Each structure stands twice: as C-alpha cells, then as structure tokens.
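Here is a friendly walk through one protein chain, going from a covalent link to helix packing and then to a few backbone details. Have the viewer open as you read.

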Amino acid sequence: MTASNTCRTTATRARIAAVGAIAVAGSLMLTACGDQTASGSKESTGTSESSAALFSKLPKKYQDSKVIKVGTDAAYAPMEFEEGGKIVGVDPDIAAALGKELGVTLQFVNGTFDGLISSLNTGRQDIIMSSMSDTKARQQGLDDKGKKVGEGVDFVDYFTSGVSLLVKKGNPEKIQSFDDLCGKKVAVQRGTIYEETFKTQAAKCSKDGKGKLTIEAFDTDAEAQTRVKSGGAVADLNDYPVSAYIAKTAGGGNDFEVAGDQTEAGPFGIAVDKDNAQLRDALKEALTAIIKNGEYNKVLEKWDVKNSAVTEATINAGK
C-alpha cells in the first residue's frame, strides 16, 4: 500500500484490506508493529523436503533457502494477528497449506501496512500476505491520484470480502449506510483504502449538501476503534470478517457492532514482485492444489469465513 495503493482495499474500489482486530479495552491487545522488523514470528508453514509436489516449480533461490519471506501487518484478526508471540490467523494458515505443497517454509515478518509494498519492491520480503486487496492501481504502481509511484505488483487472488462499518455497541447514531455519516466524524487507519473510501463519501456529502463528513486518520486501526468506542467518532471502516471479529471479541462483545450491509466485495491477493513471475505461478499452482484437496476450505471453516472462499486461483483479477 503507498497511501491507498499500499493499503488494504475492498473490491470494487480495491480492499479490501480490512482492518484492525487489535482488541480495544478488555480484549486481546496485539503488540505494536515495527516497519518490517524481524519481530514477526516465524511460521513453520512447510516441509523442507524437496519431494513436495510443487518444489521444482520454485525459483532456485527458494529451493536453496527453503524459505519464502512474507510481509504482513499482523493487526487484523481474524486474518492475521499476534497471539502468544506468534502470528496466527487465516492468512498464516493458508500460507501453511501452501508451504506444504511447495516444500518450503513461509516465514511471516511483521511490519506496518503502508510499508509492505516498498518492502517487496526492495527485496526485503518475497511476497505480501496481509489481507491486501488486488486492485488495478496496485498492479500498475499508481497512487490514489493516478500518479505512477512504483512498478506495481502481481496478485495471486485467494480470498474475497467486502467492507463494513464498525460502530459503538447499540449504534447510538443509528448508522446504517455511508450516507448516514454526512455531518458526522469518522475514524480510520491512515494509508488504507478505507481512508480513501471515506474521502469519497465526504465529497459526496458535500456535493449533496448533507453536511461535512470529518475524517480522523490514525496510525493503527486500534486507535480508530478507541475513538469510536469513546464516542469521538461515529464509525470505523474495515473488511467484513475483521469488523465481525472485532464486534464479537472486543470487550467481550460489548464494545462494538457491525452497522448496515457488507459492500464492495472484491479479492484479496498475495502480492508478488512483477519480476518474480516464476514464484507467482508456483503460488497459483499451490493455491489450486489446496482448493482441490480441501485444505483451503478447512482453514476457512476453522476461522468461520467460508463465505469469503474463492473457487479457483486467479492472477490480477482485481478491478
């Protein structure tokens, strides 16, 4: 993600990309993320045996090291979050299944979301797996204004989701749609597609004469959640699985609720550098394999996100 093109996105706009499942007040607090530090846990997600079905499909670099480094922002439960000193969630479990097919370990490294694509482009990470929406802008290396800011990335699409508004428990402002936000204040994680979605809505509110929508952006979604919980903002915005998880767990389920319907469904993708097509294609084959053998569905059932399943592996299917 550079601003919006390095953040999570939702489908038609591109992230989904969801957003903080760091428990606010009373729920599990996640440790702070550093910018691509080695503090992220190492997930033993694969076997080091060269007899794995797709080992020969990998570039020699990964055959030799038996490791693929995965950049993530582990603050988006249930997709990826820290628990007991390890990075766990939907993405790490899917990565584990992919690793078994490839015969390598997918090693997760925790970092800030808006630095993930740059970490990929500079070679610090080999792939990104962090609930990142596949969008044309990211594919082409464009920022939210259409300016070229990088070479872009390729995506292996493995999940689909929409976005949902997260409001204070009881929904005191009776928020049911984006139009209900006009004349109010919202909170959001800085640099995400959600911030851009709110900016688009703010322009619509102004155009329609329905009152100014004020946006407060924070470094983490946990801060945005805290703002909503305190009543300083009426809503936060996240991917639906994340919003639902936060509503269920934060404060024992007493802090937040999901408002309105899920909107703008679209694909999450594993981001790969455009110069690493062989790795991209190997990952696509591995995803196809775990969809066929049932391991993919087992992961989604474990985390109760079956409605976000894809039926086939695709490349750059985002809009």
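In this predicted model, a disulfide joins Cys 182 to Cys 205, with an S to S distance of 2.0 Å. A disulfide is a covalent bond between the sulfur atoms of two cysteines. The rotation about the S-S bond is -80°, and the link of Cys 182 and Cys 205 is left-handed. The pair ties together distant parts of the chain, 23 residues apart: Cys 182 sits in the loop between strand S7 (153-168) and strand S8 (185-189), while Cys 205 belongs to helix H6 (residues 193-208). Are the two cysteines buried or exposed? Both Cys 182 and Cys 205 are buried. The disulfide count comes to one.

The loop that holds Cys 182 has another residue to look at. Asn 171 also lies between S7 and S8, and its phi is positive, about 45°, although Asn 171 is not a glycine. With a relative accessible area of 4%, below the 20% cut-off, Asn 171 counts as buried.

**The chain as a whole**

The protein chain has 10 helices and 12 strands. Of its 319 residues, 56% are buried. If we take the contacts with a separation of 6 or more, residues 24 or more positions apart account for 79% of them.

**Two helices that cross**

Two packed helices are described by the angle between their axes and the distance between the axes. For helix H3 (residues 90-102) and helix H9 (residues 277-293), the axes come within 9 Å and cross at roughly 105°. That angle falls in the 65 to 115 degree range, so H3 and H9 are roughly perpendicular to each other.

Which residues make this contact? From H3 come Ile 94, Ala 97, Leu 98, Glu 101 and Leu 102, and from H9 come Ala 282, Leu 283, Ala 286, Leu 287, Ala 289, Ile 290 and Asn 293. By type, the residues of the contact divide into 10 nonpolar, one polar and one charged.

H3 itself has 13 residues and spans 18 Å from its first C-alpha to its last, close to the 18 Å expected at 1.5 Å a residue. H3 is mostly covered, with 11 of its 13 residues buried. Among them are Val 90, Asp 91, Pro 92 and Asp 93, and also Ile 94, Ala 97, Leu 98, Glu 101 and Leu 102, which are the H3 residues listed in the contact with H9.

**Helix H8 and its cover**

In helix H8 (residues 240-249), the buried residues are Pro 241, Val 242, Ser 243, Ile 246 and Ala 247. What covers these buried residues includes strand S2 (75-76), S7, helix H7 (221-230), strand S10 (236-239) and strand S11 (256-273).

**Backbone details**

Several residues take a positive phi. They are easy to find with a torsion plot beside the model, and the table lists some of them with their places.

| Residue | Phi | Place |
|---|---|---|
| Gly 103 | about 75° | just after H3 |
| Asn 171 | about 45° | loop between S7 and S8 |
| Gly 251 | near 60° | after H8 |
| Asn 316 | about 55° | segment after strand S12 (314-315) |

Like Asn 171, Asn 316 has its positive phi although it is not a glycine.

There is a cis peptide to look at as well. The bond from Ala 77 to Pro 78 is cis, with omega near 5°. Pro 78 is found in the loop between S2 and strand S3 (80-83).

**Partly exposed residues and their distant partners**

Ala 309 lies in the loop between helix H10 (295-302) and S12. Its relative accessibility is 28%, which makes Ala 309 partly exposed. What does Ala 309 touch, leaving aside its neighbours within four places in sequence? Ala 309 is in contact with Thr 160, Tyr 296, Asn 297 and Leu 300. The C-alpha atoms of Ala 309 and Ser 161 are separated by 8.8 Å, though the two residues are 148 residues apart along the chain.

Ser 118 belongs to helix H4 (residues 116-121). At 35% relative accessibility, Ser 118 counts as partly exposed. Its C-alpha atom is separated by 10.0 Å from that of Gly 152, and Ser 118 and Gly 152 are 34 residues apart along the chain.

Conventions: Residues are numbered from 1 along each chain as its sequence is written. This is a predicted model: local features need pLDDT of at least 70, side-chain atom pairs count only at pLDDT 80 or more; totals for chains, interfaces and linings use all residues. Side-chain values use heavy atoms; hydrogens and water are left out. Axes are lines fitted to C-alpha atoms, for helices over the stretch in contact, and angles run from 0 to 180 degrees between N-to-C directions. Helices (H or I, at least four residues) and strands (E, at least two) are DSSP runs, numbered from the N terminus. Angles under 35 degrees count as roughly parallel, over 145 as roughly antiparallel, 65 to 115 as roughly perpendicular and the rest as oblique. Contact means heavy atoms within 4.5 Å. Ala, Val, Leu, Ile, Met, Phe, Trp, Tyr, Cys and Pro count as nonpolar, Asp, Glu, Lys and Arg as charged, and the others, Gly among them, as polar. The expected span of a helix is 1.5 Å times one less than its number of residues. Buried means under 20% relative accessible area, exposed over 50%, partly exposed in between (1.4 Å probe, protein chains only). A disulfide is a pair of cysteine sulfur atoms within 2.5 Å.
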